[in-house]
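This report looks at a single chain under three headings: confidence, one helix pair and the cysteines.

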Amino acid sequence: MADQSMQELEHATQIVLAPPNIVTSEQRHAAEAVILSFRKTKLPYNTCKFILENTKSDYVLFQTATTLKEAIVREWNLLSADDIESLRSFLLRYITKHISLQSYVREQILQTVAVILKRGTLDPKGSGCENMFTDVTSLISSGNVTMQLVACSMLTSLLNEYSSSSRTSNAGFTWEFHNRCKRTFETSNLKKVFLFCLQVLNEIDGQPTPLTREAIAVLNRVLSITEQVLSWEFTPKNLMRRRIGLFETNTYVTLKPNEAWRDTLLDRNILQLFFKIHEKARFNSEMAHHSIQCLGQLASLNGSIFVNDEARTQYLQSFLDGFLHLLASIDLQDFENLGVATTFKNLLMMFPLPCFLALPDTHFQALVDHMTRLTCHMGRLAAMEEALHKDDTIYMEGYEKMLETWMQLISDVKSLPEGALKPQASQIFNSYLQCHISPPDGIRSQNCAEAGVDDEEIDELDQDDRDKFSDQLCCIGALARVIPEHSIPLLAKVLEERVSRLNGQLQRLQQQRESLGSLEASFDTSILNILHEDLHWLILVAAHVLTEEAEGETPMIPADIMAYSISNSKNVDIQTTLKVLSSPGERVDDIPGSQTTDGVVRLISAVFRLCEVETRAVNAQLTDCVSPQVGSSTMWFLKRWVLSYLLPDENYYNQMSMALQSAFGRDTEGAQWTINFLIQKVICNITTWSSEDHLLVDSLKVLVALLKNGSKSVFVVKCNLMWDLARLEASNKPPISLLSPSARRLLLKALIMAGSGFKDTSVKEEFWKIILQSIHDRFYGLLCQENFTKICQSTEVRESVCCLLESLLGIAQGTRVDNMERLFLYLSPFMAENVKLIDVYHEYETIVSLILELLSEVVQRHLCYLGETNSKKLYDICLSAIQMYSKHNTGKRTIDTSEDEENKFHDILIVMELLTNLLSKDFLDFGPPEETPHTNGQVEGADVVMYGLNMLVPLMSAELLKFPSLCSQYFKLLTFLTDIHPEKFTSLPENLFKALVASIEHGLTAFGPDITKMCLEIITSLATHVFESNLTGSVLHTTMSHFLKLVFHMLLLESFDMDLIETASTALFCLICCHQDQYRELVNQLLQSQIEEQYKQRLLVAFNNLTPPTLTMTINRQSKIAFMQNFDQFLVNVRGFLCIK
């Protein structure tokens, strides 16, 4: 019988592994069925033993081991303790006898042994791990390397199986069982594994260097096991509810053992052993990785293992003794850098600064000195990696981790003695600057050409440096603000010197061209290229030194910069400072007394000097010698700087630097000069760089930043250049007519915002008229041509239409509360005309998208502030537009996810945004009250949305929902709609309703927690409406029954994000209120499915506590809160044995 089973398996295996051209699909399926049938054999143990001993097929061996693993779990209760121990012993003997097994077969057999041990952990029939440890000890002491490696494999399988992470077997055990086994293993055996590893490591430490090949092989495996132990996620005494039922592995696990490990891990000799072992292991990259990971984990030791801060400090000192000695005695190899950086980071993250300050002074000083040295070292090598565009960026990763460590340290800098980190911060800052500028001041490598790297290819693939290195630059900026007295003068000096050299180079080129009598003459520009790269990086660094990221906050002058400027005030001459600022055409050193200039203003004026050099080069027709990248970086700097420094609100500051106030404060000549200078620069860029979209966009963002704040714009519009810019736009001639869409929008937005800055209404209207009348005349001049229907499809006319629509979008984006009424009056006729344009240009998605986007912008920015009459007017326009869009799109769209999302589905995304924005007035209405109430029969916002939804939902297939932006906007729309107008869902056409329900059901589990949350909110809103409106028997009521079953199973039996507990419990409660009888049926079904009586009883008690008689099954706030609290406890009690792996 066993022989026959073996022959059948071998034959089936030959077919399964045969190439597809030799066997048919039917033969392969039949062979797979044979293997699956064998795996379900009852009591297959003797047969499996026979096959293991006799077959020569590795694949058959693997399937036989799998069969044993599944059978032992399935038939555990049928086997005696002796049967189980006999099988375990047989498998281990088999492994040791057959040393030439394929690794995947050996691992599967060892996993089977581990499953046997785990299954017996909580069962009297289990023999525990004692026999396993006896076998391991015997194999290790055998002296046979192969046997020793088998012993290591045994321990690895054991650790994997008990970890209760993603590495544990899918054996059908409950999460609670896995967790109890893990806790038992932690208590009884994990430390034994660690002590076993320590024993082997001690023996290897005693061997002479270099180690033999055999010793290296064993050491590598033992270090891997040790790393696994030190990276073990210890079970806390009180489990966090979010972890219950999850089999995931945390990506970042610190070493947090309990008190039982105190005698081992706090032993100074153990720490020293790991440092000595690393010195032996570090010459092999794989071993070094395991070894340095062990050190990194030991550096993260935390928790109850320390009885007090004194114990924590003693451990830190012991660790630093070994770590600092190691760093002082070796030169790091490339593969050690990241591990060492991680060790530094873990130390600073896990041990509070007072622990470091309690150490002998030499320890902390040595630590920061090594940190400084290695940060600079990794920074230099990271810069070289970047210059050579290497794929492997180990130095860059290590460098960024070191910078993160410094951020941790300087966040507590006020706890340190005055000036404690200044020398280190200076070294790191200097090093960073040197790595990014050219010799002789810097060491930046010019290796691109040598490495054969194609510059154009790099430009296409690489993101902008300001984004790519944003985190790095933020860290360097923060370090520089620790030493502003060093960093700011140094930056100013180097920047001034580079700007002066650039000016000299450009003058020489101009002279050479004049002498040749040709403006087109080309010269070697290698020096210019080097200067441009220097300037680009100096500007990026200066931006991050002078300004901080202010996402969602008011940008301000950093406190350290303000304090530095104030502290220097005694040595600063205000008039000289203003002279240096307002003389960008002069060299600073030529200005008398320039050494008395405020340092911050001097650095800013260096950037202004660069702007002036660029402008003069353009005027001298040397545009081809100026770098658009440097121009773009400069304008990006100026945008950040304007938001923080120009016209600051003094109420935000305790103290204000007199130099900064005089140069950039409100009602000062310095500020007005600066505004004029900046606007002049923006106009120069617009007129010069029409083909450089990136530079133009950055330039116009400076203009928008100047006008963003209403109180600041009052000062900006005093500049007459704003009128010149308005007239330039109104002319619509080159360069304005050549602007890109994004640049055009920004320009119109800025000009509209500028108009709001005029206090005199007549002046405001005069300014706006220049812009608005020009666009009005061009728009109607184009559309009202007699032959428009004939010429409308020509490329030139289509481009003109796009240009006008972009301008109107810019106007809409310039909306503020104080100009909203005026702009709505202006934009309304255009929007009405645009509906006709959808009909004309329905085949041109770009134009249709722009029209829909304009509507969406106006709705978003205007609707909440409109009175009833204007609101209805806007609803009518939107409805007409959607009807026209629907006319040309319904039933004509094909879904092909291989095409670019943005191009193919951009219009659908905009329609959804428009519909979502249309709902805004229902929950946010700032419109003035109407004198006469509206009459019936007018269009409501919800009607427009339902019409649009009717068109959209059939398009929203599962494939289309894979696009994140579309998916998010679609469910956001449904969430708003069901929250505000759930009654609309009771009268939907059948096909539309079914499609909506299908998409919500799909969204519950397919797209991540954010979409799941929205789907649960949608279900909550609909269930609440069904309950409160007593819609028993309706289609919507029946649908809630379907969702009750889905949500019930999702929350209790499937993997679920416990962060959504509040939203999920509310949805479940509302569904239960709608269908109490069905809920009781689901509970009974779940109870009957429980085989073990103890689980059934626990579940019954938990369900009774979930909905006790005292809980009112009515949807109100009090009941929802009570249910949520009950449900939280319910999941803690039962989820552990309902989730299976």
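The text below takes these topics in turn.

**Confidence**

The model is predicted. Its mean pLDDT over the chain is 87, and 92% of the residues reach at least 70. In residues 447-461 the pLDDT is below 50, and this stretch makes eleven contacts in the model beyond near neighbours in sequence. Another stretch with pLDDT under 50 covers residues 894-899, where the model has 13 contacts beyond four places in sequence.

**Helices α2 and α4**

Helix α2 spans residues 25-39 and helix α4 spans residues 58-74; the two pack at an angle of about 40°, and their axes lie 9 Å apart. From α2, the contact involves Ile 35, Phe 38 and Arg 39. The α4 side contributes Tyr 59, Gln 63, Thr 64, Thr 66, Thr 67, Glu 70 and Arg 74. Sorted by class, the residues of this contact are three nonpolar, four polar and three charged.

**Cysteines**

How many disulfides does the model contain? The count is zero. Cys 719 takes part in no disulfide, its nearest cysteine sulfur being that of Cys 684. For Cys 784, the closest cysteine sulfur belongs to Cys 792; at 14 Å this is too far for a bond, because a disulfide needs sulfur atoms within 2.5 Å.

| Cysteine | Nearest cysteine sulfur | Relative accessibility |
|---|---|---|
| Cys 719 | Cys 684, 14 Å | 2%, buried |
| Cys 784 | Cys 792, 14 Å | 55%, exposed |

Cys 719 is thus listed as buried, whereas Cys 784 is exposed.

Methods:
Residues numbered from 1 in each chain as written. Predicted model: local features only at pLDDT ≥ 70, side-chain atom pairs only at ≥ 80, totals over all residues. Heavy atoms only, no water. Axes fitted to C-alpha atoms, helices over the stretch in contact; angles between N-to-C directions. Helix = DSSP H or I, 4+ residues; strand = E, 2+ residues; numbered from the N terminus. Contact = heavy atoms within 4.5 Å. Nonpolar A, V, L, I, M, F, W, Y, C, P; charged D, E, K, R; others polar. Buried < 20%, exposed > 50% of the residue type's maximum accessible area, 1.4 Å probe, protein only. pLDDT = per-residue confidence, 0-100.
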